[in-house]
Amino acid sequence: MKRFYVIGFLLLMGFDTLAQLGLKYTAIHALPLVASTDWLLRILSQPWIYLALIGYLGAFFMWLTLLKKAPIGPAFAASHLDVISVMFCSHWLFSEHLSLVQLVGAGLILCGIICLAVSESKNAEHQIEAIEIH
């Protein structure tokens with residue numbers, strides 16, 4: 001079951017990251033921003049928008065699959081790993097600046113997810129022990 005969670009959350013993070021990067025590439029190639037038919041056609045002509053759509057659909061179905069089995073607290077927290085992956089991918093692909101505050105924030109997100117996961121596993125152990133006692 002642990003393998004299911006790891007693979008599932010990595011896929012969710014991958015789909016979410018794909019969606020965000022696809023939207024970023026679309027925005028870059030759709031400039032100038034003007035509310036017009038030409039602008040909309042420019043967006044729809046970009047392959048990146050379709051990658052973003054695939055990313056959002058994949059993330060949606062992956063999230064539904066994970067929610068069937070994963071505890072909601074840690075699952076919700078882990079679903080935010082894409083914030084970190086998008087930050088690093090944006091640095092790599094778009095040369096966006098990474099500040100110390102962003103890196104500390106990413107570390108805090110990771111620490112929070114780890115704390116929730118450890119807490120959830122301890123709760124599960126206590127529940128198993130309580131069932132075995134009765």
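**Exercises on a predicted model**

L40, L41, L44, Y50, L53, L57, F60, F61 and L64 make up a nonpolar surface patch whose joint accessible area is about 880 Å². The elements contributing two or more residues to this patch are α2 (37-44) and α3 (47-69). The structure is a predicted model.

**Exercise 1.** State which element gives the nonpolar patch its largest share, and classify F61 by accessibility.

Solution.
- Step 1: α3 supplies the largest share of the patch, with 6 residues.
- Step 2: F61 is located in helix α3.
- Step 3: The relative accessibility of F61 is 51%. The cut-off for exposed is over 50%, so F61 counts as exposed.

**Exercise 2.** Find the salt bridge in the structure and state which parts of the chain the pair ties together.

Solution.
- Step 1: Searching the whole structure gives 1 salt bridge.
- Step 2: The partners are K24 and E96, with their closest N and O atoms 2.8 Å apart.
- Step 3: K24 belongs to helix α1, and E96 to the loop between α5 (81-94) and α6 (100-133), so the pair links parts 72 residues apart in sequence.
- Step 4: K24 is partly exposed at 31% relative accessibility, and E96 is partly exposed at 30%.

**Exercise 3.** Describe the surroundings of D16, including the nearest side chain of opposite charge.

Solution.
- Step 1: D16 sits in helix α1 (residues 2-29).
- Step 2: D16 is buried but has no salt bridge.
- Step 3: For D16, the nearest oppositely charged side chain is K24, 17 Å away. A salt bridge requires the atoms to be within 4 Å.
- Step 4: Setting aside neighbours within four places in sequence, D16 contacts G55, A59, S79 and D82.

Technical notes. Residues numbered from 1 in each chain as written. Predicted model: local features only at pLDDT ≥ 70, side-chain atom pairs only at ≥ 80, totals over all residues. Heavy atoms only, no water. Helix = DSSP H or I, 4+ residues; strand = E, 2+ residues; numbered from the N terminus. Buried < 20%, exposed > 50% of the residue type's maximum accessible area, 1.4 Å probe, protein only. Lys, Arg positive; Asp, Glu negative; His and termini not counted. Contact = heavy atoms within 4.5 Å. Patch = residues over 30% accessible without salt bridge, like charges linked within 9 Å, V, L, I, M, F, W, Y side chains within 5 Å. Areas by Shrake-Rupley, 256 points an atom, 1.4 Å probe, with all protein chains shown as cover.
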